[in-house]
Amino acid sequence: MTEPPQWAAAEVGRCVNSGTWPVLAGPPDCTELMLSSPVILYDHAEIAAESAGPLVSTPRRSTRSLTLRTLTLTDDEKRAARATDPRAADLLDRLDHLPPEMIERMHGAIR
């Protein structure tokens, strides 16, 4: 929805996002798989080389903001998130033990 083709612009303009963002998923030529993302992403997201693990990113959006935002959660918020899903718990565990050099690697990546 950030850069719709001209033929779809009118329909996209009538769409309303309610809590999630539609993103085409899968390989670049895939047009039949959609992800409902809680953050705005570009289509066909990839894992960034700088990522501490499977955070979602694309060449136009780094995992830095997702990582830093996650690290700002309070202990109560982290406990609640860990309880929702094993993958969320794994992600939080990895980010809680992220060495400073990994965070530094996320700054300034150019593609």
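These legends go with a set of close-up views of a predicted model.

**Figure 1. The whole chain, with five helices and two strands.**
Before zooming in, here's the overall layout. Going from the N terminus, the elements follow the order α-β-β-α-α-α-α. The protein has 111 residues, and 24% of them count as buried. If you look at contacts with a separation of 6 or more, 30% are between residues 24 or more positions apart.

**Figure 2. The second largest pocket, with about 410 Å³ of space.**
A total of 18 residues line this pocket, and those closest to its centre are Met1, Val12, Pro22, Leu24 and Asp43. Which element gives the most to the lining of the second largest pocket? That's strand 1 (residues 21-24), which puts in four residues. Sorted by class, the lining comes out as 14 nonpolar residues, three charged ones and one polar one.

**Figure 3. Met1 and the residues it touches, starting from the segment before helix 1 (9-13).**
Met1 is one of the residues closest to the centre of the second largest pocket, so it's worth its own panel. With a relative accessibility of 29%, Met1 counts as partly exposed. Leaving out residues up to four places away in sequence, Met1 touches Val12, Cys15, Asn17, Trp21 and Pro22. Take Val12 from that set: along the sequence it sits 11 residues from Met1, yet the C-alpha to C-alpha distance is 6.3 Å. Val12 and Pro22 turn up again among the residues closest to the pocket centre.

**Figure 4. Gly19, in the loop between helix 1 and strand 1.**
Is Gly19 buried or exposed? Exposed, with a relative accessibility of 66%. Check the C-alpha atom of Pro38 in this view too: it is 6.4 Å from that of Gly19, although the two residues are 19 apart along the chain.

**Figure 5. Ser37, a buried residue of strand 2 (residues 34-37).**
Ser37 has a relative accessible area of just 3%, which is under the 20% cut-off, so Ser37 counts as buried. What does Ser37 contact, apart from its neighbours within four places in sequence? The partners are Thr20, Trp21 and Val23. Trp21 is also on the list of residues that Met1 touches, and both Trp21 and Val23 fall within strand 1 (residues 21-24).

**Figure 6. Lys78 of helix 3 (residues 75-84).**
Here's a lysine that counts as buried, with 9% relative accessibility. Setting aside residues up to four places away in sequence, Lys78 touches Thr70, Leu71, Leu73, Leu92 and Asp96. Two of those names, Leu92 and Asp96, lead straight into the next view, since helix 4 spans residues 86-96.

**Figure 7. Helix 4 (residues 86-96) and its buried residues Ala89, Leu92 and Leu95.**
Why do these three end up on the same side of helix 4? Because the arc they cover around the axis is only 135°. Turned away from that buried side is a face with the exposed residues Pro86 and Arg87. At the N-terminal end, Asp85 acts as the cap: one of its side-chain oxygens is 2.6 Å from the backbone nitrogen of Arg87. Arg87 therefore shows up twice in this panel, as an exposed residue and as the partner of the capping Asp85. Leu92, one of the buried residues of helix 4, is also touched by Lys78.

Definitions and conventions
Residues numbered from 1 in each chain as written. Predicted model: local features only at pLDDT ≥ 70, side-chain atom pairs only at ≥ 80, totals over all residues. Heavy atoms only, no water. 1 Å grid on protein atoms, 1.4 Å probe; cavity = no way out; pocket = protein on both sides within 12 Å on 5 of 7 lines; lining within 4 Å. Points joined across faces, edges and corners; volume = space filled by probe spheres on them. Nonpolar A, V, L, I, M, F, W, Y, C, P; charged D, E, K, R; others polar. Buried < 20%, exposed > 50% of the residue type's maximum accessible area, 1.4 Å probe, protein only. Arc of directions from axis to C-beta. Polar contact = N/O pair within 3.5 Å; in protein donor to acceptor, adjacent residues only side chain to side chain. Contact = heavy atoms within 4.5 Å.
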